[in-house]
Amino acid sequence: MRAIYSMGGLFSLFKEGRAEAFFERAADVDCREYELMVFNSAHQSPAWYEGIARAGLSIPVVHARKQIGSLLASGDANDADDALAMFAQDASLARRLGASTVVAHLWGAPASDERMGHIQACAPRFLDAARKAGVTLASENVPCTRADGLSRLRELHETCPGMMFTIDARFAFFERYIDVLDRAEWLWPNVAHVHVSDFRGGFKEWARLGKIVHMGEGEVPFPRFFEILREKRYDGAVTIECMCVEDGALDVRRMNANLGAVRALIGGHENVQETARTTRHHDRDPVLHMADG
């Protein structure tokens, strides 16, 4: 396993057109691999490619636009076509960046998993689009209103052979099934990617789902989660989905602290809380908002 960082935590810089604030300090972050979260067409501009190359970064994973899940979940055929076109664009972008995996939400708010039959019927088209682009589609365990993310992934496994998955630890804790992940034998041969970030809140406490905290500042049982990853011999990338920006600037110290905590967990050490304590801003609320998942 290896730790990489999500560019979702850079959302405010991209939104304000200040991506250079990241590229200029990227060398100070102890990470050369990132998961690109696609926000808009700006990520497909030549200037953005040049910034990645100039900073010496690689993009092994792309997170497709989250609107895809919301559109697909509506149950409308036209929305499904729009979602597929959007996914095909993001898969093509991933291929151009050299990424091998595309994380996707195949359901999302507001309809969530209410029309799962429709989602299952459409899923093979997304799998075909990924194969045509030369990437692996990894459907994420997005929390659900009717069932839970793990159950819905199993249904996709049964109805769409070849589908691969992304397991998000925060989502799994939100729906309280981390403790049973080790018994999901059908799952692990099909896990292509993993996300981690911390969470403070109750079972399906939706109002807190988007309030991401840094590693060790929440309640996710990371030692057990990483123990399961090792037991199941997962050897891919683990993307950290924590905020990267503080007061309008790249928060290099917190990024490196999160990276250190995850690398310690990968190695079987359980000092994630200690790492968080030694790097926490004592006068700031650690709860951060991010383009989650």
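Which residues does Asn258 touch, not counting residues up to four places away in sequence? Let's keep that in mind while we get our bearings. This is a predicted model, in which local features need pLDDT of at least 70 and side-chain atom pairs count only at pLDDT 80 or more, while totals for chains, interfaces and linings use all residues. Residues are numbered from 1 along each chain as its sequence is written, and side-chain values use heavy atoms, with hydrogens and water left out.

Start with the whole chain. Its secondary structure comes to 11 helices and 12 strands; these are DSSP runs, helices being H or I with at least four residues and strands E with at least two, numbered from the N terminus. Of the 293 residues, 56% are buried, where buried means under 20% relative accessible area, exposed over 50% and partly exposed in between, using a 1.4 Å probe and protein chains only. Then there are the contacts, meaning heavy atoms within 4.5 Å. Take those between residues at least 6 apart in sequence, and 82% of them join residues at least 24 apart.

Now for the barrel. Eight strands close up in the order 1-2-3-4-5-6-7-9, with parallel pairing. On average, neighbouring strands of this sheet are turned by 30 degrees against each other, direction ignored. In general, strands of a sheet pair through backbone hydrogen bonds, either parallel or antiparallel. Here, two strands count as paired if DSSP finds at least two bridges between them.

Let's walk along part of the barrel. Strand 1 (residues 2–6) runs parallel to strand 2 (residues 33–37), and 2 bridges join them. Tyr5 has Tyr34 of strand 2 as its bridge partner. Strand 2 is largely enclosed by the rest of the structure, because 4 of its 5 residues are buried. Strand 2 also pairs with strand 3 (residues 58–63), in the parallel sense and over 4 bridges; there, Glu35 has Val61 of strand 3 as its partner.

Further along, strand 6 and strand 7 run parallel and are joined by 4 bridges, with Phe165 partnered by Val191 of strand 7. Strand 7 is mostly covered, with 5 of its 6 residues buried. From strand 7, 3 bridges lead to strand 9, again in parallel, and Val194 finds its bridge partner in Val238 of strand 9.

Next, the helices. In general, two packed helices are described by the angle between their axes and the distance between the axes. The axes are lines fitted to C-alpha atoms, for helices over the stretch in contact, and angles run from 0 to 180 degrees between N-to-C directions. Helix 5 (residues 77–97) and helix 6 (residues 116–133) are one such pair. Their axes come within 9 Å and cross at roughly 25 degrees. That makes helix 5 roughly parallel to helix 6, since angles under 35 degrees count as roughly parallel, over 145 as roughly antiparallel, 65 to 115 as roughly perpendicular and the rest as oblique. Residues making the contact include Leu84 and Phe87 of helix 5, and Phe126 and Ala129 of helix 6.

Helix 6 packs with helix 7 (residues 149–159) too, at an angle of about 45 degrees and with the axes 10 Å apart. This makes helix 6 oblique to helix 7. Met116, Gln120 and Ala123 of helix 6 meet Arg152, Glu155, Leu156 and Thr159 of helix 7.

Phe87 turns up again in the largest nonpolar core, which has 100 residues: Phe87, Leu181 and Val196 touch the most other members. Such a core is a set of buried Ala, Val, Leu, Ile, Met, Phe, Trp, Tyr and Cys residues joined through side-chain atoms within 4.5 Å. Among the residues that Phe87 touches are Ala64, Val102 and Leu137.

Finally, back to where we began. Asn258 is found in helix 10, and counts as buried because its relative accessibility is 3%. Leaving out residues up to four places away in sequence, Asn258 touches Tyr5, His214, Met215, Ile240 and Cys242. Leu259 lies in helix 10 (residues 252–266) as well, and at 0% relative accessibility counts as buried. With the same sequence neighbours left out, Leu259 touches Ala3, Tyr5, Val29, Asp30, Cys31 and Ile240.
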